Amino acid sequence: MVLQMLVQIPLLALAGWWLAPLLTRRIVDTFSTWNRSGISGILLASLVAVVWMLPRALDAALETSWVALAKFTSVPLLVGMPLAISWPRAGFVVRGVWLVEAIAMAFRLGWLYTVSPARLCSNYLLGDQRQTGKVMLAIGVAACLLLAWKLVWGHNRIERVR
Amino acid sequence: MASLTMYPEDERLSGGNRAAFNLYIVTAVILFVLMMLVGLTMRMTQARWLDVPPDLFYELLSMHGAGMVGTMSLATTAVMWFFLRKYVHLHLWAFLANYVLFLLGALCIIVSIFVYGYGALWTFLYPLPVHGVGMWTADSSALFMLGYLLIGVGSLLFYLDAAAAIIKVHGNLGRALGLQWLFGGKIDPDHPKAVVASTMVIIANSLGILAGAVVLVMSLVNIFYPQVVLNALVAKNLIYWFGHMYINATIYMGVIAIYELLPRYTGKPYPISRPFLWSWAVSTVFVVVVFPHHLLMDFAQPRWLAIMGQIVSWGAGFPVFLVTAYGALTNIYRSNIRWTMPSRLMILSMFGWAAGIVPAILDGTIRINSVMHNTQWVPGHFHFYILLGVLAMALSLMFHEIGSRAHAAPDSRADRLGFPVYLIGGLIFVFGFLDGGRVSVPRRMAEHLQAWTFSDRIGSIGAILVVLAMLYFAIRITVGLLKPPSPSWAPEPVPGPIPEPVPSPLVSPAPSPGVVGVGTTNAAG
Ligand code: HEM
């Protein structure tokens, strides 16, 4: 469970991020009018990511080949890539809201996975689920500390956003 | 350094800024009066002068707790915004988004309480919200929590915008707090105290809101999927992390008014110093970890957390309080301060903060806490420094601002009567609670024994005076704010050469427009 949720899916998103520079300027510009301050792109990425947070979707991706295909294409193309395009356009507030929500989500899911009496995915055992929960709690704490350190002591440059 | 000019140009409100500030303040004073009436109803019920049924009492208590905490945050956010915008560029949309989300959140809370009967109090302690035993449903609790989420998102937007603006000017939050000067170096005398205090609030309250975002959603999960059972102690820790921080932050937002306004009324500069920076730095850390003092009676709480709660309680409020109170007293000493409403309220707030801290520190001591915590001692201590401390800070800015519109620091005969009514009423009211605590009257009880009613009745009389004074203040402030801006400030900046800044004019014999000495005749009264 840890491997699929917290390693494979983030790596797929990272692959999409790295693919973004391959898009031509024209394609990026076409979408930019609908992506002011990167909000639409970040929203798209978040909504698609929500699907891959559902235990049911994770199960299906292991059991059904077309769902697996959907995961391998949608995560890079609809999560990583839009994030890569939109993040630089997003201002401090948009990024801040997204990061706070992401950290809160790590804590919530971590908590949920460690206390849920039932197995949420039929492909993973309860122990696996609890392990994933603990890792998510650790990720939440680490992200919090990192962000706090960056804001309090780091070098931050805030520019006008497009 | 804070300006000595009574009404400096860079504070002038016009257009959207003025409308937004008026919205905040008028909404806040109306809500204060309404919530105080709710409080008075409860106090008179405890005194057995009114006969409110217990289920309605708990609805009123939920409304009063959530409503007062939210309104206090709304009012002090306006204080922070009013001064911080002079030093960094804040966006009006963020300030307004906070207001709109606050109203939407308040609507959810009001509907959940008065339409669907929610009565699990402002602390929504798990698992009470899902155990309404027929008085309220889990859905109404969900609506109440949704209201909190909306209010929290609004605050977060405002803080993020403020953080962005501060970082843009100062590079990072550490420099804004002045950490670079803690151990040496020449402190920039123009480093604004408003920036230091706002930075502390942004750091502490954002962490609190994060804790709230986690526990609120988890409580919602529990409401809709009761199979997911939460650890009640973890939930309580997170709830107090969020709730305590949220109300505590109001002091640190409100105190900005003292730093900015006091020197104008005393005519003496109020310079920034190393102890000041140290106190805010230490409090930034302490305020984040002080909340366990709400859980000293929870025997299952790890021992080290309880001990930390006690030690940090003794230290958390003290540094900022001591430095502020000492700074304020030295600022007033031999200053020839002129007593008008803003200056009176500022000094009252210092007293309320100082005196309210004493019962708070006592209650933060484990030995005392195990006897006093569930008694009326607790509402006694927090009403002390909220009513006579924080609210007085916010009111001082409101009166100052209506002074700027009327060209004179407010000091009418009615003001001079309203102030002592508020002060004396407030003291009687809080001592009613503290005396209840002394004789072990439990808090949060809809029905009181006959033997307890002496302090309830005294408290009710004090509360009536407070409500009357606040009603007067609310009308005075609303009318004052809705007046058109003073003629000199009315038009938008005229094209052409920028006027020279007006020289410091505390008591100017012939006051220049917009720069009114405190000694000028009172046109507002
Ligand atoms: C005339 C003014 C006020 C009156 C008459 C009043 C009255 C009361 C009463 C009777 C209680 C219940 C006490 C008990 O536990 O037995 C209470 C609780 C409370 N009040 Fe006030 N109050 C006033 C002002 C304020 C202000 C300005 C605040 C600002 C934040 C405030 C915040 C609270 C809170 C947070 C509680 C605790 C609610 C709970 O226990 O769940 N009150 N008040």
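The following legends describe close-up views of a predicted model.

**View 1. Coordination of the iron atom of the ligand by two histidines of chain B.** The protein donors are the NE2 atoms of His64(B) and His383(B), which lie 2.0 Å from the iron atom. Six donor atoms surround the iron atom, and because the angles they subtend run from 87 to 179°, the arrangement is octahedral. The two histidines link distant parts of the chain: His64(B) belongs to helix 2 (residues 54-84) of chain B and His383(B) to helix 13 (residues 377-406) of chain B, with their positions 319 residues apart. His64(B) has a relative accessible area of 12% and is therefore buried. His383(B) is likewise buried, with a relative accessible area of 15%.

**View 2. The shell of residues around the ligand.** The shell holds 25 residues, of which Gln46(B), His64(B), His383(B), Arg443(B) and Arg444(B) come nearest to the ligand. At least two shell residues are supplied by each of helix 1 (15-46), helix 2, helix 13, helix 14 (413-438) and helix 15 (453-482) of chain B. Helix 1 of chain B provides the largest share, six residues.

**View 3. Polar side-chain atoms beside the ligand, including those of Arg443(B) and Arg444(B).** An N or O atom in the side chain of Arg443(B) is 2.9 Å from an oxygen atom of the ligand. For Arg444(B), the distance from a polar side-chain atom to an oxygen atom of the ligand is 2.7 Å. His383(B) places a polar side-chain atom 2.8 Å from a nitrogen atom of the ligand; this residue is also a donor to the iron atom.

**View 4. The largest nonpolar core, with Trp280(B) among its most connected members.** This core comprises 197 residues, and those touching the most other members are Met80(B), Phe124(B), Trp280(B), Trp353(B) and Tyr422(B). Helix 6 (residues 193-224) of chain B makes the greatest contribution to the core, with 20 residues. Beyond residues up to four places away in sequence, Trp280(B) touches Val196(B), Ala197(B), Met200(B), Tyr252(B), Val255(B), Tyr259(B) and Val320(B). A second core of eight residues is separate from this one, and includes Val38(B), Met42(B), Val52(B) and Phe57(B).

**View 5. Surroundings of Ile151(B) in helix 4 of chain B.** Ile151(B) lies in the helix formed by residues 138-170 of chain B. Its relative accessibility is 11%, so Ile151(B) counts as buried. Not counting residues up to four places away in sequence, Ile151(B) touches Asn98(B), Leu101(B), Phe102(B), Gly105(B), Ala106(B), Ile109(B) and Tyr246(B). Tyr99(B) is 52 residues from Ile151(B) in sequence, and the C-alpha atoms of the two are 8.7 Å apart.

**View 6. Helix 4 of chain A and its covering elements.** Chain A contains seven helices and zero strands. Its C-alpha trace spans about 50 × 40 × 20 Å along the principal axes. Of the 162 residues in chain A, 40% are buried. Contacts between residues at least 6 apart in sequence join residues at least 24 apart in 74% of cases in chain A. In helix 4 (residues 55-63) of chain A, the buried residues are Ala57(A), Leu58(A), Asp59(A) and Ala61(A). These buried residues are covered by elements including helix 1 (2-19), helix 3 (39-51) and helix 5 (65-86) of chain A.

**View 7. Ile42(A) in helix 3 of chain A.** With a relative accessible area of 5%, Ile42(A) is buried. Its contacts, apart from residues up to four places away in sequence, are Leu83(A), Ser86(A), Trp87(A), Ala90(A), Val94(A) and Trp98(A). Pro82(A) is 40 residues from Ile42(A) along the chain, and their C-alpha atoms are separated by 6.6 Å.

**View 8. Tyr113(A) in helix 6 of chain A.** Tyr113(A) is part of the helix that covers residues 92-115 of chain A. Its relative accessible area of 2% makes Tyr113(A) a buried residue. Excluding neighbours within four places in sequence, Tyr113(A) is in contact with Met1(A), Met5(A), Met53(A), Pro55(A), Leu120(A), Gln129(A), Arg130(A), Thr132(A), Gly133(A) and Met136(A). Between Tyr113(A) and Arg56(A), which are 57 residues apart along the chain, the C-alpha separation is 14 Å.

How values were computed:
Residues numbered from 1 in each chain as written. Chains lettered and ligands numbered in written order. Predicted model: local features only at pLDDT ≥ 70, side-chain atom pairs only at ≥ 80, totals over all residues. Heavy atoms only, no water. Donors = N, O, S within 2.8 Å, 3.2 Å for Na, K, Ca; no water. Tetrahedral: all angles 85-135°; square planar, octahedral: opposite > 155°, others 65-115°. Helix = DSSP H or I, 4+ residues; strand = E, 2+ residues; numbered from the N terminus. Buried < 20%, exposed > 50% of the residue type's maximum accessible area, 1.4 Å probe, protein only. Core = buried A, V, L, I, M, F, W, Y, C linked by side-chain atoms within 4.5 Å. Contact = heavy atoms within 4.5 Å. Near = heavy atom within 4 Å. Polar contact = N/O pair within 3.5 Å; in protein donor to acceptor, adjacent residues only side chain to side chain.
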